[in-house]
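Trainee: I'd like a close look at one part of this model: the salt bridges. Please take me through them slowly, and then through whatever else helps me find my way around.

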Amino acid sequence: MVTLSRKFSTTAIPNPSKLLQRHLQSTTTTHIFIPFSQLQQRKLFESHLISVLHGCTHLTQIKQVHAHILRKGLDQCCYVLTKLIRMLTKLDVPVHSYPRLVFHQVKYPNPFLWTALIRGYATQGPFSESVVLYNRMRSEGTGPVSFTFSALFKACGAVLDVSLGRQVHAQTILIGGFASDLYVGNTMIDMYVKCGFLECGRKVFDEMSERDVVSWTELIVAYAKCGDMDSARELFSGLPVKDMVAWTAMVTGYAQNGRPREALDCFQRMQDSGVKTDEVTIVGIISACALLGVAKYANWVRDVAARYGFGPSENVVVGSALIDMYSKCGSVEEAYNIFEGMKERNVFSYSSMIVGFAMHGRAQAAMQLFHEMLKTEIRPNKVTFIGVLTACSHAGLVEQGRQLFATMEKCFGVARSADHYACMVDLLGRAGRLEDALELIETMPMEPHGGVWGALLGACRIYGNPDIAQIAANHLFELEPNGIGNYILLSNIYASARRWDDVSRLRILMREKGFKKNPGCSWVESKEGVVHEFFAGDMNHPQSSEIKRALADLLDRLKAKGYQPNLGSVTYDLSDDEKKRILMNHSEKLALAYGLLSSDAGCTIKIMKNLRICEDCHAFMCSASQVIGREIVVRDNMRFHHFSDGACSCGNFW
């Protein structure tokens with residue numbers, strides 16, 4: 001890219017003879033007498049041409065209008081030609097051809113005509129040509145307008161050139177009058193945000209004398225994207241008039257940053273404010289409900305979507321999002337009902353349903369739907385293959401998974417990504433083929449990301465292989481230096497192998513890094529629709545006494561059927577009694593006991609959990625489903641487990 005000194009002229013002093021010539025021309029033109037009626041007719045005709053140009057949708061139409069302009073002697077009319085050039089660039093006509101020829105035929109282009117061409121290059125490229133034109137405009141004595149700078153800022157944002165953007169910023173101050181311009185300020189904020197300099201964008205915002213909803217919303221969206229929802233909320237609170245875009249930015253921001261309760265609260269306040277809701281807002285709140293996994297909110301948001309005319313049968317985007325939501329809320333049957341009722345389906349609808357079947361361990365249903373999809377005109381994409389490979393992984397279908405992985409690029413044109421390799425590593429690892437999984441990683445054509453090594457580390461925990469686990473963990477410590485879960489998982493693998501010195505070493509390292517383990521948390525919905533949260537070892541619930549008694553009674557019944565606590569699930573060197581106490585206070589067991597107390601006999605108990613279910617809780621839920629004669633559904637951070645009559649849908653392959 002061109003250097004600073006070449007990009008912007010610091011002198012920008014026009015040639016005196018050119019100035020005189022232009023002055024004489026201007027004076028001559030000014031003193032030519034044109035009757036008022038003729039002048040009025042000309043202005044009306046120019047306005048008519050602008051209107052006609054605005055309605056053009058094809059290059060042929062624009063050429064016809066241009067011919068009319070030439071016949072009527074308006075070939076020097078900057079007002080009309082500016083619109084002509086803008087319409088040409090809007091139709092993606094290359095700037096260097098037709099638009100530039102039009103521009104060069106004008107003897108004295110005004111700032112708006114210059115800006116139309118600058119904007120064309122800023123939109124299409126080469127972006128450096130925008131700067132060259134700006135310098136020429138200044139050297140010929142034409143001053144910029146606010147649209148000139150907004151076009152230049154858009155060009156800087158498009159190529160992520162913050163250095164050039166800062167130079168344009170300096171020009172707005174040096175020339176004077178533009179630093180306080182609202183439109184210039186907004187595009188300046190956008191440029192800094194796109195270039196990754198959010199604080200610079202915030203500084204521009206803070207110094208603006210005038211702001212509009214765009215100014216606020218640009219920063220709110222930027223803070224939400226980088227996960228700083230506190231700053232986003234602070235700005236949002238100060239926004240005088242909150243429109244649909246601003247509300248949607250907050251709703252989707254909370255959802256995308258794993259704060260579904262706040263997303264739901266924000267959406268409810270948006271409803272109470274009477275602000276219109278669109279498809280984007282609806283999809284954002286659906287994703288929040290999917291994170292929370294609670295039926296009450298799922299049904300509510302579905303009703304809201306239908307009320308606003310975004311029902312799943314009419315709207316394929318909302319329908320696809322609802323499929324994902326109901327799958328994550330444990331209602332895969334309802335997800336399939338929505339899928340079946342959709343008038344239009346696309347690759348996202350099919351992929352959402354395939355992924356939904358996969359996470360519920362229904363591999364055959366996922367594979368059957370995949371093959372049904374192949375009979376339509378809809379072609380699978382990368383998410384579709386993540387779904388079918390995950391289904392194979394959770395059902396132990398190694399050869400089927402390998403065949404799909406081998407043919408996805410050759411037969412379907414879907415390039416393998418690191419995410420697909422992660423699925424294959426997970427598939428091989430869960431099947432106990434750890435060496436094959438490691439070999440696959442070592443032959444990857446791209447650098448393995450954390451998900452790939454994480455899949456291998458997880459498999460090492462299942463099969464108790466501390467040596468391969470150490471290899472995977474070493475890579476994860478480099479890729480995700482602050483990922484506490486990797487340290488905990490490796491520590492658990494060492495503990496299972498009774499390598500207590502290694503466990504101690506890792507825990508010291510975690511303390512030195514200031515890591516704090518995320519407590520296990522489970523939540524369950526009562527029959528009144530209230531969500532109750534339980535943390536491991538926390539007995540602060542108002543009904544803790546009843547929960548403790550119910551859990552003790554259930555444990556006695558399970559022991560009578562042969563259940564024994566799996567003490568290996570506690571990775572601390574403690575006495576057996578202390579291990580048993582810790583196991584009985586796991587969050588999902590507390591949630592199950594409350595579910596028994598708060599739901600009607602025979603009803604399914606659905607438990608959502610933030611961490612992976614441990615082996616002891618898995619065995620406990622299996623036995624409990626048989627003893628109480630009820631289905632128990634647990635969603636951990638990996639998949640769904642449906643416990644019924646003493647067995648789990650995962651077939652203990654998890």
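Mentor: Helices here are DSSP runs of H or I with at least four residues, strands are E runs of at least two, and the numbering of both starts at the N terminus. One caution before we zoom in: this is a predicted model, with local features needing pLDDT of at least 70 and side-chain atom pairs counted only at pLDDT 80 or more, while totals for chains, interfaces and linings use all residues. Residues are numbered from 1 along each chain as its sequence is written, and side-chain values use heavy atoms, with hydrogens and water left out.

Now to your part. Side chains of opposite charge can pair when their charged atoms come close. The rule used here asks for a side-chain nitrogen of Lys or Arg within 4 Å of a carboxyl oxygen of Asp or Glu, and by that rule we get 25 salt bridges.

Start with helix H19, which spans residues 316-328 and holds both aspartate 324 and lysine 328. They sit 4 residues apart, about one turn of the helix, and their side chains meet in a salt bridge at 3.4 Å, N to O. For burial, take under 20% relative accessible area as buried, over 50% as exposed, and anything in between as partly exposed (1.4 Å probe, protein chains only). Aspartate 324 has 22% relative accessibility, so it counts as partly exposed. Lysine 328, with a relative accessible area of 29%, is partly exposed too.

Next, go to helix H25, residues 418-430. Because arginine 430 and aspartate 426 are 4 residues apart there, about one helical turn separates them. Their closest N and O atoms are 2.8 Å apart in the salt bridge they form. What about cover? Arginine 430 is buried, and aspartate 426 is buried as well. Elsewhere, pairing goes beyond twos: Asp230, Arg233, Arg259 and Glu262 are joined into one network by salt bridges that share partners.

While you're on H25, have a look at aspartate 419, which belongs to that helix. Its relative accessible area is 39%, so aspartate 419 is partly exposed. Valine 452 is 33 residues away from it in sequence, yet the two C-alpha atoms are 7.3 Å apart in space. For contrast, try valine 204 and proline 94: they are 110 residues apart in sequence and 34 Å apart from C-alpha to C-alpha. Valine 204 sits in helix H12 (residues 198-207), and at 9% relative accessibility it counts as buried.

One more pair for your list: glutamate 140 and arginine 136 form a salt bridge with closest N and O atoms 3.6 Å apart. Glutamate 140 has a relative accessible area of 27%, so it is partly exposed, and arginine 136 is partly exposed at 29%.

Arginine 136 falls within the range of helix H8, residues 128-139, which packs with helix H9 (residues 146-158) at an angle of about 155°, their axes 10 Å apart. Axes are lines fitted to C-alpha atoms, for helices over the stretch in contact, and the angles run from 0 to 180 degrees between N-to-C directions. Under 35 degrees is called roughly parallel, over 145 roughly antiparallel, 65 to 115 roughly perpendicular, and the rest oblique. H8 and H9 are therefore roughly antiparallel. H8 passes H9 in a left-handed crossing, meaning the near helix is turned anticlockwise from the far one by less than a right angle (clockwise would make it right-handed).

Keep going past H9 and you reach leucine 160, in the loop before helix H10 (162-175). Its phi is near 55°, a positive value in a residue other than glycine, and at 55% relative accessible area leucine 160 is exposed. Arginine 498 also has a positive phi, near 60°. That arginine 498 lies in the loop between helix H29 (484-496) and helix H30 (500-512), and it counts as exposed at 58% relative accessibility.

Finally, zoom out. The protein chain has 34 helices and 6 strands, and 49% of its 654 residues count as buried. Along the principal axes, its C-alpha atoms fill a box of roughly 110 × 55 × 55 Å.
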